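Please open the structure in your viewer and keep the selection tool ready. This tour goes from one selection to the next and says at each stop what is to be found there.

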Amino acid sequence: MVKGLFEFLTLGVLVFTGGPTHASFPLELNPPRVVVRYGDSVSVNCSTSSTDHEGMGWEATFGGTDSKQNVSIVTWTVDNLTDWTIEPICYMTLIDGKQPSKVLPVILYKPPDSVSISVLRHSGPMLEGTEYQLQCDIQNMAPLQNLVVKWYKGNEPLDKLTYSNVSKRPVDVSATLLISPSRHDDGAQYRCRAELDLGPEGPQPHPTVTSEPLDFTVFYPPTFSRPEAETLDIGVGEEITLNCTATGRPTPLYSWQSSHVKEAIFSPPSEVPGTYTCTASNQIGKISKTFTVNPKPEGGSTTFWVIIGLGLCLAVVIVIVYVVVKHRAGPNSII
């Protein structure tokens, strides 16, 4: 007898007999965690491999069951889950009187009823370089700790906001974004998006609600495409164009003034030399540009006659050379 026990010990085996066996924690939930949309159904199994129990059951405000004997699995089922704070507990009663249990983590979620975007304390067009605060209003969603608010300009992501507050019940949320629009934002569309990131057990892709786009109108002062002053020459009978095109929002209005004409000129001059100032203006500001128109130097006709004279002189030289060469060659020359 002693020899046999020694042989068991040397083999590293210790055998207990005479009583029931069970695992250290005999309950298993499948799935171990559930994510359920508000009002949907849910079903979870609780099982055990233990054989020394007197019964199993579920404790829950909805779908609870009484202890059942001679079973190794019990199911918690709810057809229409609406309890935001529910914490179902699967339990079993062992023969020795102990009652191990396991809590089922439940995330009950609800996408927002609506998501909208607006500009705080402002209406109408925006001014370039001025700061504004956009607000995203998210109505009746849960849970807050799983909410991600994303901002977009067109398809370009701008910012992202998450929440550390824990709230199981539906809440209204307002998120803000500070911007300073430029003229390049004129006509842009801004949107905000509410997304519920519920983890790997949640629906994929994440439940998402996006606001209608907010169209931006940005006012900015006029700017010339060529801002520097220009100097041009004009000859008698010629025409020139003074280009005073400017970009601005609202569309700029133009006025002209001349150094030698007292009253304003509303169309560019075409023949009179002088200094002309163009002003482009709108509700936001104005900008001016100066054109200096100089007469072309006289002498264009003189140049023409000089060229004619040089041509005649060249012709005379050619004739003289021909006569001299012909004379020297004799009368029988083929020149």
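## Aromatic pairs

A search of the whole structure, which is a predicted model, finds four aromatic pairs. To begin, select W58 and W76, whose rings form a tilted pair with 6.1 Å from centre to centre and 35° between the planes. This pair links distant parts of the chain, since W58 belongs to strand β4 and W76 to strand β6 (residues 73–78), and the two are 18 residues apart. If you switch on a surface, keep in mind that W58 is buried and that W76 is buried as well.

Next, select W256 together with F291, another aromatic pair that is tilted, with 5.6 Å between the centres and 35° between the planes. Because W256 lies in strand β22 (residues 253–258) and F291 in strand β25 (residues 286–295), the pair ties together parts that are 35 residues apart in sequence. Are W256 and F291 buried or exposed? Both W256 and F291 are buried.

One further ring is worth a stop: select F224 and K289, and you will find the charged end of K289 sitting over the ring of F224, 6.0 Å from the centre of that ring.

## The whole protein

Now clear the selection and show the protein as a cartoon, in which two helices and 25 strands can be traced. Of the 335 residues in the protein, 33% are buried. If you count the contacts in the protein with a separation of 6 or more, 63% of them are between residues 24 or more positions apart. With a surface displayed, the protein exposes about 21000 Å², and carbon and sulfur atoms supply 55% of that area.

## Strand β7 and its partners

Select residues 89–94, which make up strand β7; five of its six residues are buried, so the strand is largely enclosed by the rest of the structure. Add strand β4 (residues 53–59) to the selection, and you will see that β4 and β7 pair in the antiparallel sense over six bridges. At one point of this pairing, E59 stands opposite I89 in β7.

Then add strand β8 (residues 101–103), which runs antiparallel to β7 and is joined to it by three bridges. Which residue of β8 is the bridge partner of C90? The partner of C90 is K102. While you are here, follow the hairpin of β7 and β8, which has six residues between the strands, and stop at G97, where phi is positive, near 95°.

## Strands β22, β24 and β25

Return to the strand that holds W256, and select β22 with strand β24 (residues 274–281): these two pair in the antiparallel sense over six bridges. Within this pairing, S255 has T279 in β24 as its bridge partner. Extend the selection to β25, which runs antiparallel to β24 and is joined to it by eight bridges, and look for T277, which stands opposite T290 in β25. A hairpin of four residues leads from β24 to β25.

In the loop between β24 and β25, select N282. With a relative accessible area of 15%, N282 is buried, because buried means under 20%. The side chain of N282 reaches the backbone oxygen of R249 at 3.5 Å, and the backbone oxygen of P250 lies 3.1 Å from a polar atom of the same side chain of N282. Leaving aside neighbours within four places in sequence, N282 is in contact with several residues, among them Y220, P221, P222 and G248.

## Two last stops

Select Q135, whose place is in strand β12 (residues 132–141). Q135 is buried, with a relative accessible area of 17%, and the side chain of Q135 makes a polar contact with the side chain of D137 at 2.8 Å. If residues up to four places away in sequence are not counted, Q135 touches residues including S116, I117, W151 and T176.

For the final selection, go to N165, in the loop between β14 (156–162) and β15 (171–179). N165 counts as partly exposed, at 48% relative accessibility. Leaving aside neighbours within four places in sequence, N165 is in contact with L144 and Q145. If you draw a distance between the C-alpha atoms of N165 and N146, which are 19 residues apart along the chain, the value is 9.5 Å.

Key:
Residues numbered from 1 in each chain as written. Predicted model: local features only at pLDDT ≥ 70, side-chain atom pairs only at ≥ 80, totals over all residues. Heavy atoms only, no water. Buried < 20%, exposed > 50% of the residue type's maximum accessible area, 1.4 Å probe, protein only. Pairing = 2+ DSSP bridges. Phe/Tyr/Trp six-rings, centres within 6.5 Å; stacked < 30°, edge-to-face > 60°. Lys NZ or Arg CZ within 6 Å of the ring centre and 35° of its normal. Contact = heavy atoms within 4.5 Å. Areas by Shrake-Rupley, 256 points an atom, 1.4 Å probe, with all protein chains shown as cover. Polar contact = N/O pair within 3.5 Å; in protein donor to acceptor, adjacent residues only side chain to side chain.
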